[in-house]
Amino acid sequence: MNAKELHDKTPDQLRDELASLKKESFNLRFQQATGQLENAAKIRAARRNAARVKTVLNQKAAAAATDAE
């Protein structure tokens with residue numbers, strides 16, 4: 001997932017994506033705690049993707065705020 005794909009989505013779609021990424025991150029951490037996780041790099045990728053989504057959401061909110069003024 002890259003930032004260009006995220007910029008094309010609506011804020012509602014981004015919130016849904018963020019929720020699914022948080023669920024995935026939780027599941028990966030749970031697997032790691034129980035010793036079932038095979039690829040630890042997935043945790044890092046999920047965290048970074050969530051950060052990307054949050055960044056795009058904040059950018060869209062800031063743009064909406066400046067347009068409203």
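**Figure 1. The whole chain follows the pattern α-α-α when read along the sequence.** Welcome to a predicted model, shown here in full before we zoom in. The protein chain has three helices and zero strands. Along its principal axes, the C-alpha trace spans about 50 × 15 × 15 Å. The radius of gyration of the protein chain is 15 Å, whereas a compact globule of 69 residues would have one near 11 Å. Take the contacts between residues at least 6 apart in sequence: 70% of these join residues at least 24 apart.

**Figure 2. The surface of the protein chain exposes about 5200 Å².** Carbon and sulfur atoms supply 49% of that exposed area. Buried residues account for 22% of the 69 residues in the chain. If you are thinking about electrostatics, the protein chain carries 13 positive and 9 negative charges, and the mean positions of the two sets are 8 Å apart.

**Figure 3. Phenylalanine 26 and phenylalanine 30 form a tilted aromatic pair.** How many aromatic pairs does the structure hold? There is one aromatic pair in the structure, and this view is centred on it. A pair of aromatic rings is described by the distance of the centres and the angle of the planes. For phenylalanine 26 and phenylalanine 30, the centre-to-centre distance is 6.2 Å and the planes are 35 degrees apart. Both residues belong to helix α2 (residues 11-34), and because they are four residues apart there, about one helical turn separates them. Are these rings buried or exposed? Phenylalanine 26 has 47% relative accessibility and so counts as partly exposed. Phenylalanine 30, at 51% relative accessibility, counts as exposed. The cut-off helps here, since exposed means over 50% relative accessible area.

**Figure 4. Glutamine 32 of helix α2 is in contact with Leu37 and Ile43.** That pair of contacts leaves aside the neighbours of glutamine 32 within four places in sequence. How far apart in space are glutamine 32 and isoleucine 43? From C-alpha to C-alpha they are 9.1 Å apart, with a sequence separation of eleven residues. Glutamine 32 has a relative accessible area of 46%, so this residue is partly exposed.

**Figure 5. Lysine 60 sits in helix α3 (residues 41-68) and is in contact with residues that include Leu6 and Leu14.** Which residues does lysine 60 touch once its neighbours within four places in sequence are left aside? The contacts are Leu6, His7, Lys9, Pro11 and Leu14. With a relative accessible area of 26%, lysine 60 is partly exposed; buried would mean under 20%. For a sense of scale along the chain, lysine 60 and arginine 47 are 13 residues apart in sequence, and their C-alpha atoms are 20 Å apart in space.

**Figure 6. Arginine 48 is a partly exposed residue of helix α3.** Its relative accessibility is 45%. The view also takes in alanine 19, which is 29 residues away from arginine 48 in sequence. In space, the C-alpha to C-alpha distance between arginine 48 and alanine 19 is 14 Å.

Notes. Residues numbered from 1 in each chain as written. Predicted model: local features only at pLDDT ≥ 70, side-chain atom pairs only at ≥ 80, totals over all residues. Heavy atoms only, no water. Helix = DSSP H or I, 4+ residues; strand = E, 2+ residues; numbered from the N terminus. Rg over C-alpha atoms; globule rule 2.2 N^0.38 Å. Buried < 20%, exposed > 50% of the residue type's maximum accessible area, 1.4 Å probe, protein only. Contact = heavy atoms within 4.5 Å. Areas by Shrake-Rupley, 256 points an atom, 1.4 Å probe, with all protein chains shown as cover. Lys, Arg positive; Asp, Glu negative; His and termini not counted. Charge placed at Lys NZ, Arg CZ, Asp CG, Glu CD. Phe/Tyr/Trp six-rings, centres within 6.5 Å; stacked < 30°, edge-to-face > 60°.
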